[in-house]
Amino acid sequence: MKKLLLGDEAVALGAIHAGLSGVYAYPGTPSTEITEYIQRLAPEVRSRWCTNEKTAMEAALGMSYAGKRALVCMKHVGMNVCADAFVNSAITGVNGGLVVLAADDPSMHSSQNEQDSRFYGKFALVPIFEPSCQQEAYDMVARAFALSEEVKLPVLLRAVTRLAHSRAAVEVADEAAPQNALNPASDRGWVLLPAIARRQYAGLIDKQDALRSYSESLAAIEYSSPSRAIAALGVVACGIGYNYVKEAGVDVPILKINHYPLPAAAIKALSLRCRKILVVEDGQPVVEQDIKAILGADYKVEGRLTGALPRTGELDPDNVAAALGKPSAEGEKASTLANRPPQLCPGCGHRDVYTALNKVAAEYPGARIFGDIGCYTLGALPPFNALASCVDMGASITMAKGAADAGVFPAIAIIGDSTFTHSGMTGLLDAVNDHSNITVVISDNLTTAMTGGQDSAGTSKFEAICLGLGVDPEHLHVVVPIPANMEKITEIIRSEIEYNGVSVIVPRRECMQTLKKHRK
């Protein structure tokens, strides 16, 4: 039967139909809808949100250890958080199939960077799957689980924003395969003492030839016409880039890449059929660099590194067509509209928090407010213009600590409830242990608001967490951020700035969006 699915939903349904037992994730655009779809469609699959990507990866590895199939979902920067467990999972190997979905965000539609998760797959020496359409996304999940169990390695499944958030008709199975039986691993390979890890790593290296052979078995050069003459140009098209090449309608031989390690033999065969190769890949020039190494310096390879395609941002039909010698007709593009910066929702409690912070900070010429990742990051924009920094999840507290260590006064950190439990708690412990002179604001809207209102791991626990980390009870305050309380809130902020030590203020009011849902 056919279903109209987002790329994310295709991955989710593919996992369910492959006999999934658990999905572990921290919400992050463009990956969030995968877990949400599984939660709606398959209540028999364990699917509660995790505190962060590292805990998600480790829990999934535990399920794999038990012999069951597990899926881990995150956006690309989440790979940084789970990297320790992810890389080591290639050394332990897996028991039940383990698929790690990384949703990359070229053009940074909702992200801090454009990093390419394929680097993580190469670094860990694990197979990578990269679908070019929703149908492939659905089909590849089952193949990824099967390969994972065959070679006893995790498989990285890489998607990009355009695939994750676009819809297409997908032919799907009528029912799900049964889940694996419980079968915990009994070998010592999961205990990474150095002597065991060295043996396991040697085994991982030994598997690379089999992984390359798997990629070669699925690689085939496509010809638009029956001619076998030497072409002026050949194309290596990776993932979603394949669609843009086909849309251009150019008569060139194409090698479609959906699996890594790269099929070196197929790449060499393509090079014999054309005078140069254009590499079309969304993200960083991972394949372009590798093909240069495979074919040598004398063979011409073009792509993002050479300027044939833009070095930054996502691919689109126009820039790919131009690289193929078919620039868009003049005037074909719609006129560019003026940007409309995002804003905090009307009535949002974060607005009142920033109003209070800015009012008090104005009394201190050296004041700096260190921000974090969440919808409250919009406090960096007008009308508040409040934030001095926003770098990565949890950085507000530790950056405020470092700035205070350097002599900045007052150093104020603002962090959301979900971000605090994700990666802010350890920074607060550092600050408490060092008796740092900082004021921490945990702006609690009772949800993970930026990604659609998922559960927040620390709801109803923040006071206990802060006290457990050593915050002085006299310098821990909970307030309700509404205009009527502004005088009280500013008084508390002012008083805690003057305290030489760690203070925590928790403004708590439900997100306007989840409040609307609850009222309905």
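Two strands are taken to pair if DSSP finds at least two bridges between them. With that criterion in mind, the tour below moves through a predicted model, beginning with its sheets.

**First stop: the six-stranded sheet**

Select the open sheet of 6 strands, whose order is β2-β3-β4-β6-β5-β11 and whose pairing is mixed. At its edges are β2 (22-25) and β11 (259-260), each of which pairs on one side only. Next, display strand β5 (residues 128-129) together with strand β6 (residues 155-160): the two pair in the parallel sense, over 2 bridges. Within this pair, Ile128 stands opposite Leu156 in β6. Now add helix α2, which packs on the sheet and touches β2, β3 (70-75) and β4 (98-104). The direction of α2 makes about 140° with that of β3.

**Second stop: helix α1 and its two partners**

Two packed helices are described by the angle between their axes and the distance between the axes. Keep α2 (residues 32-41) on display and select helix α1 (residues 7-17); their axes come within 8 Å and cross at roughly 45°. That angle makes α1 oblique to α2. The crossing of these two helices is right-handed. To inspect the contact, show Asp8, Glu9, Val11, Ala12, Leu13 and Ile16 in α1, which meet Thr32, Glu33, Ile34, Tyr37, Ile38, Arg40 and Leu41 in α2. Sorted by class, this contact comprises 8 nonpolar, 1 polar and 4 charged residues.

Hide α2 and bring up helix α6 (residues 134-151), which packs with α1 at an angle of about 35°, the axes being 8 Å apart. The crossing of α1 and α6 is right-handed. On the α1 side, the residues to select are Gly7, Ala10, Val11, Leu13, Gly14, Ala15 and His17; in α6 they meet Gln134, Ala137, Tyr138, Val141 and Phe145. The contact of α1 with α6 has 8 nonpolar and 4 polar residues, and no charged residues. Val11 and Leu13 may be highlighted here, as they take part in the contact with α2 and in the contact with α6.

**Third stop: strand β10**

Select strand β10 (residues 254-257) and show its side chains. Ile254 and Lys256 point one way from the strand, Leu255 and Ile257 point the other way, and all are buried. Then add strand β8 (residues 221-222), which pairs with β10 in the antiparallel sense over 2 bridges. Strand β9 (residues 234-238), by contrast, pairs with β10 in the parallel sense, over 4 bridges. Centre the view on Leu255: this residue is the bridge partner of Ile221 and also of Val236.

**Fourth stop: the five-stranded sheet**

Move on to the open sheet of 5 strands, ordered β14-β15-β16-β18-β17, with parallel pairing. The edge strands, each pairing on one side only, are β14 (368-370) and β17 (476-479). On average, neighbouring strands of this sheet are turned by 20° against each other, direction ignored. Select strand β16 (residues 438-443) and strand β18 (residues 503-507), which run parallel and are joined by 3 bridges. Thr439 has Ser503 in β18 as its bridge partner.

Finally, display the helices that accompany this sheet. Helix α15 (residues 395-406) lies across β14, β15 (411-416) and β16, and runs at about 175° to β15. Helix α16 (residues 417-433) packs on the sheet as well, touching β15, β16 and β18. The direction of α16 makes about 145° with that of β15.

Methods:
Residues numbered from 1 in each chain as written. Predicted model: local features only at pLDDT ≥ 70, side-chain atom pairs only at ≥ 80, totals over all residues. Heavy atoms only, no water. Axes fitted to C-alpha atoms, helices over the stretch in contact; angles between N-to-C directions. Parallel < 35°, antiparallel > 145°, perpendicular 65-115°, else oblique. Left-handed = near helix turned anticlockwise from the far one by under 90°. Contact = heavy atoms within 4.5 Å. Nonpolar A, V, L, I, M, F, W, Y, C, P; charged D, E, K, R; others polar. Buried < 20%, exposed > 50% of the residue type's maximum accessible area, 1.4 Å probe, protein only.
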